[in-house]
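Here are a few notes to help you find your way around. Keep the viewer open as you read, and take the points in order.

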Amino acid sequence: MTSNTPGAPLGLAEALAAGTVVLDGGMSNQLESAGHDLGDELWSARLLAERPEAITEAHLAYFLAGAGVAITSSYQATFEGFAKYGISHDRAVELLRLSVASARVAAARAAARGVTRPLWVAASVGPYGAMLADGSEYRGRYGLTVDELERFHRPRMEALAAAGPDVLALETVPDADEATALLRAVRGLGVPAWLSYTVAGDRTRAGGPLEEAFALATDVDEVIAVGVNCCAPQDVDAAVALAARVTGKPVVAYPNSGEAWDARARAWSGGSTFTPEQVLGWRGSGARLIGGCCRVGPEAIRSVARTLAG
């Protein structure tokens, strides 16, 4: 599948084979900086129902800053999560599809404003813990079997795939069990995917060996990149090198700013340790999809794009 942006003949997998592609940054911090309250369990997904134009504008800010890939606002968008707010299954399907359409509209607007590089849309598939909205994605091992996790993820992934994204972002995965479920669920959808873990040091957030976690994706044809996201910047270097060595695939890397998240207080603390210069080392170790996650905004992505281009 290729981008719908004029002048973008390559699919994302081909683009990664040819060079480096810049990802966007954090959706939530961009929405909050625009004055939107994300204080409930649906997080940015609530704005799909209430303020979809805000989602489009957030994507546009990153495209204009130099990103080549927009990650949709569907990270916390699940049938179960929407149901808690009285949103029907059919309406949830509409909102999941809208998350992809909003990013497409942003790409078209960026092209209209003079952006000529290829632009792609990655449909975010967040972990089961994101639906719980209690920080569980940073612990994993929810007490569910792989089969149960697959049954949770597959319907949402089907809805997102039907919306026509360029790639599915299986992201912020805390453990190998959930990765196994996601890799099962992605088969047969007709859309490529990347798989990225959230890590602490050389382990998954659940404490499993990162080498074994990466290895799960080695022979999965649908997976075009493997790596890490939503982790500290200092954990990226070793993880990128390991992912490249274990899988032989392009690596994706988009860490947080380095600030710490307090799930109970739903607030960030500490200072940023994310610097654009770090990305050169990541690229040298095999990273081909590079950007930022939580608390990494458009200005940081602009600096990343300039650094990689330079």
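1. A word on rings before we begin: two rings of Phe, Tyr or Trp count as a pair if their centres lie within 6.5 Å, and planes over 60 degrees apart make the pair edge-to-face. This is a predicted model, and 5 aromatic pairs are found in it.

2. Take tyrosine 128 and phenylalanine 152, whose rings meet edge-to-face at 4.9 Å centre to centre, with 75° between the planes. Tyrosine 128 belongs to helix 7 and phenylalanine 152 to helix 8, so the pair links parts of the chain 24 residues apart. Tyrosine 128 counts as buried because its relative accessibility is 16%; phenylalanine 152, at 8%, is buried too. Together with Tyr142, these residues form one aromatic cluster.

3. Next, look at tryptophan 194 and tyrosine 254, another edge-to-face pair, at 6.0 Å centre to centre and 80° between the planes. Here the link runs between strand 5 and strand 9, across 60 residues. Both tryptophan 194 and tyrosine 254 are buried.

4. Where does serine 99 sit? You will find serine 99 in helix 6, residues 89–112. Its relative accessibility is 0%, so serine 99 counts as buried. Beyond its neighbours within four places in sequence, its contacts include Leu48, His59, Thr72 and Leu160.

5. Finally, helix 13 covers residues 298–309, and the 16 Å between its end C-alpha atoms agrees with the span expected for 12 residues. Its buried residues, among them Ile301, Val304 and Leu308, pack against strand 1, helix 2, helix 4, helix 12 and strand 12.

Key: Residues are numbered from 1 along each chain as its sequence is written. This is a predicted model: local features need pLDDT of at least 70, side-chain atom pairs count only at pLDDT 80 or more; totals for chains, interfaces and linings use all residues. Side-chain values use heavy atoms; hydrogens and water are left out. Helices (H or I, at least four residues) and strands (E, at least two) are DSSP runs, numbered from the N terminus. Buried means under 20% relative accessible area, exposed over 50%, partly exposed in between (1.4 Å probe, protein chains only). Contact means heavy atoms within 4.5 Å. The expected span of a helix is 1.5 Å times one less than its number of residues. Rings of Phe, Tyr and Trp (its six-membered ring) pair if their centres lie within 6.5 Å; planes under 30 degrees apart count as stacked, over 60 as edge-to-face and the rest as tilted.
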